[in-house]
Amino acid sequence: MVRLKTRYILFEILYPCNELQTKELHDVTALNTEILLQHHRVSPPQITPKTIAQEVRHSLQVNFGDYGLGKAGSLLQIKYFSNRTSTGIIRCHREDTDLVVMALCLTSKIGDIDSIIVNPVKLSGTIKKVEQYTIRRAQRLLSTVHENSKDILDDFSNVSQGEDQDA
């Protein structure tokens with residue numbers, strides 16, 4: 001019996017700003033932190049693993065036709081998605097990895113949410129390595145934000161406290 005060989009793709013959903021920021025910042029690190037925080041936002045509750053899988057399959061259908069959908073869509077599965085961090089993990093067949101990565105890159109809408117960027121971050125053969133990379137990446141992101149601006153972190157702590165009270 002032949003074993004199915006799969007790959008795991010870590011992806012993130014970015015929300016670019018529609019309006020141009022006219023604020024002038026002279027500190028480059030503060031500007032980079034502000035841009036980083038503007039693109040990394042909490043995903044709305046309309047974005048679920050089911051809607052992401054539907055949109056990826058739709059992107060496969062539109063961009064690669066029935067062949068692409070049939071080939072890559074058979075083993076396609078969302079293993080994990082967090083609305084809080086806007087990151088997720090997709091499992092696909094090893095041979096169809098390129099098709100799925102291209103379909104992710106070409107996805108610009110999920111459900112009713114338009115103008116998003118789905119960024120494939122990491123590709124691995126095991127889900128454990130992807131999870132470890134995700135943890136290291138989140139720690140680096142938090143340390144970068146923490147080093148560059150403490151007041152922005154204070155704003156986020158207030159937001160997370162408000163969400164905990166609602167739950």
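A salt bridge is taken here as a side-chain nitrogen of Lys or Arg within 4 Å of a carboxyl oxygen of Asp or Glu. By this criterion, lysine 71 is bridged to aspartate 96, with 2.9 Å between the closest N and O atoms. The two residues belong to distant parts of the chain, lysine 71 to helix 2 and aspartate 96 to the loop between strand 3 and helix 3, 25 residues apart. The structure described is a predicted model.

The chain folds into five helices and four strands. Read from the N terminus, these elements follow the order β-α-α-β-β-α-β-α-α. Of the 167 residues in the chain, 32% are buried. Contacts between residues at least 6 apart in sequence are made up to 73% of pairs at least 24 apart. The accessible surface amounts to about 10,700 Å², and carbon and sulfur atoms account for 54% of that area.

Three salt bridges are present in the structure. One of them pairs the side chains of arginine 137 and glutamate 12, with an N to O distance of 3.0 Å. Arginine 137 is part of helix 4 (residues 127–148) and glutamate 12 is part of strand 1 (residues 6–14), so this pair ties together parts of the chain 125 residues apart in sequence. The two partners differ in burial class: glutamate 12 is buried, at 3% relative accessibility, whereas arginine 137 is partly exposed, with a relative accessible area of 23%.

Lysine 71 also takes part in a salt bridge with glutamate 95, in which the closest N and O atoms are 4.0 Å apart. Glutamate 95 is located in the loop between strand 3 (87–93) and helix 3 (97–105), and lysine 71 in helix 2, so the pair ties together parts 24 residues apart in sequence. Glutamate 95 is exposed, with a relative accessible area of 55%, and lysine 71 is partly exposed at 28%. Aspartate 96, by contrast, is buried, its relative accessible area being 3%. Through shared partners, the salt bridges join Lys71, Glu95 and Asp96 into one network.

The largest nonpolar core comprises 23 residues, and Ile13 and Ile52 have the most contacts inside it. Strand 1, helix 2, strand 2 (77–82), strand 3 and helix 3 are the elements that each contribute two or more residues to this core. Helix 2 supplies the largest share, five residues. Beyond its neighbours within four places in sequence, isoleucine 13 contacts His39, Ile47, Ile52, Phe81, Ser86, Ile110, Ile116 and Ile117. A second core, separate from the one above, has five residues, among them Tyr8, Leu10, Ile89 and Tyr133.

Helix 2 (residues 49–72) also contains serine 59. Serine 59 has a relative accessible area of 5% and is therefore buried, the cut-off for this class being under 20%. Its side chain reaches the backbone oxygen of alanine 103 at a distance of 3.0 Å. When residues up to four places away in sequence are left out, the residues touched by serine 59 are Phe64, Ala103, Leu106 and Thr107.

Two further serines have positive phi angles. Serine 86, one of the contacts of isoleucine 13, has a phi of about 60° although it is not a glycine. This residue is placed in the loop between strand 2 and strand 3, and serine 86 is buried, with a relative accessible area of 1%. Serine 115, likewise not a glycine, has a positive phi of about 50°. Serine 115 occurs in the loop between helix 3 and strand 4 (117–124). At 38% relative accessibility, serine 115 is classed as partly exposed, since partly exposed residues fall between the limits of 20% and 50%.

Note on methods
Residues are numbered from 1 along each chain as its sequence is written. This is a predicted model: local features need pLDDT of at least 70, side-chain atom pairs count only at pLDDT 80 or more; totals for chains, interfaces and linings use all residues. Side-chain values use heavy atoms; hydrogens and water are left out. Buried means under 20% relative accessible area, exposed over 50%, partly exposed in between (1.4 Å probe, protein chains only). Contact means heavy atoms within 4.5 Å. Accessible areas come from the Shrake-Rupley method with a 1.4 Å probe; for residues, only the protein chains shown count as cover. A polar contact is a pair of N or O atoms within 3.5 Å; within protein, one must be able to donate a hydrogen and the other to accept it, and residues adjacent in sequence count only if both atoms are side-chain atoms. A nonpolar core is a set of buried Ala, Val, Leu, Ile, Met, Phe, Trp, Tyr and Cys residues joined through side-chain atoms within 4.5 Å.
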